[in-house]
Amino acid sequence: MPNSFHSPWWKSAVVYQVYPRSFADANGDGVGDLAGLITRLDHLQRLGVDALWLSPIYPSPMCDAGYDICDYTDVDPLFGSLADLDELIAQAHERGLKVLLDFVPNHTSDQHPWFIESRASRDNPRRDWYIWRDQPNNWRASIEGGSAWTWDETSQQYYLHFFLPQQPDLNWHHPQVVAAMHQVLHFWLARGVDGFRVDVVHCVGKDQSFADDPRCLAGEPMVKINDQPYSHEVLRGLRRLVDSYPGDRVLIGEVNIRSTARVAAYYGASDELHMSFNFPPLDAPWDPVVLRMCIREVEADLGPLQAWPTWVLSNHDNSRHRSRYGGSLRRARAAAVMLLTLRGTPFIYQGEELGLEDTVVTARTRVDPGGRDGSRAPLPWTVQAPHGWGPTPWLPFAADADVLSVQAQESAADSTLALYRRLLACRRRSTALCLGDWEELPSHPQVLAYRRHHEADERLVCINFADSEHAFPLATPWRVEIASDGQGEGQPFSGRLDPEQALILCR
Ligand code: GLC
């Protein structure tokens, strides 16, 4: 049964992030494409996810892997065509899968016709669609670092970019920019997309005094500190627009501020984001003290606002969680149990369900100017190299691509893929896991334990972070429903946890 029988669907959903250039390659050019994704929808359906979020598929010079867009309402030929995207939406919907696109409001490509006009002359009608100044301030850019201002020789002014110089920031304080970007959302909503992941949405409002920021002196880039009231006004406009469509379309924001309390503000009074990413748990190491703190913060800061949390362990900008946790597959699998049982909507980054590590990137294979290629390697589909891809994939595969391939794991009961499938099925069976309250349970400091509870449905989750066994005694009998290492499922719980083992217990 699809999870969407709950209302709204996104609260009980599991979202799967597709990084299109590395998901599946239908035309054999070594770069993933939409046709490839369509042929592999079965994998996602069998996995049991509810929605796909696609990183950008729009026409782009690819200086920032598609986050530098030169046409918001088309598909880059590298990935296919608009017709392919329509086909993807139709086929995903037939399978009960929602489709979310990446909406990048903060900046365009410097090759976008709007910026080409804007930089043509100071009196161009689109000049103020971007942010031009005679003097730079001390704001710092991200990805390559350095100043957030680049000098334009032709028009003799500096333009602002929070990211690469090839990604000029739009001026959302200009009503025509707001209107043009609203048109983009209408375009996709009318085509049937179910919502958007909104890229660095906390960056769109800019301090109009353009004062120096002392935190930039300490090297902080604007993406981690920009937090202006006007971004909230922009968000309320986007929310009204999205809510005017039927079917619970959703706005999920990337708010990259390292404070859960500040992130909470981007839910507004239920009139801004439906959900926001929250980075502290994604930054956290394999450490029960740090993770416990992150989870408590989410409950304390978001709970009272009725703001629905999200949980992310890996994405295309960060090391995969298996690599961050020291390369241990056992830890990565225990973490998956945590990801899929906390209160909120979990996001699985493609390849996580295979237990992939980062690929090793050398000076020769490096593509991203920000050095984020590690987590972006192609998914290995088949055991045999090139693993279902054209002969020269755009990045090298991660280690053990043969044994971690979908084909190798498909029918192995103890595989990581099988664990993810069981976990997702278990969530579907349990309203406590999808929607229930979260309550921490007393446990050894190395064990994180909590209870999920909704009406008559109840689950306990316990995760042993230590490399030694730990007791977790319970007064009444419980049964192991899921074990991160597959051991003892269906058996009565013994009251002990193996090293780096996570369990879901049911009555
Ligand atoms: C977001 C994206 C990242 C991109 C940046 C600029 O953080 O996730 O990949 O480089 O925004 O668009």
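Me: At the start of α10, which backbone nitrogen does a side-chain oxygen of Asp287 reach?

Reply: Happy to help! A polar contact is a pair of N or O atoms within 3.5 Å; within protein, one must be able to donate a hydrogen and the other to accept it, and residues adjacent in sequence count only if both atoms are side-chain atoms. Here the side-chain oxygen of Asp287 comes to within 2.8 Å of the backbone nitrogen of Val289. This is a predicted model, where local features need pLDDT of at least 70 and side-chain atom pairs pLDDT 80 or more, while totals for chains, interfaces and linings use all residues. Residues are numbered from 1 along each chain as its sequence is written, and side-chain values use heavy atoms, leaving out hydrogens and water.

Me: Why do the buried residues of α10 line one face of the helix?

Reply: An α-helix has 3.6 residues a turn, so residues three or four places apart point the same way. Helices are DSSP runs of H or I, at least four residues, numbered from the N terminus. Buried means under 20% relative accessible area (1.4 Å probe, protein chains only). In α10 (residues 288–302), the buried residues include Leu291, Ile295, Val298 and Leu302. Seen down the axis, the buried residues of α10 fall within an arc of 160 degrees (taken from the directions from the axis to the C-beta atoms), so they line one face.

Me: Which side chains place a polar atom 2.9 Å from an oxygen atom of the ligand?

Reply: Those of His107 and His316. For Arg197, a side-chain N or O atom is 3.0 Å from a ligand oxygen.

Conventions: Buried means under 20% relative accessible area, exposed over 50%, partly exposed in between (1.4 Å probe, protein chains only). Helices (H or I, at least four residues) and strands (E, at least two) are DSSP runs, numbered from the N terminus.
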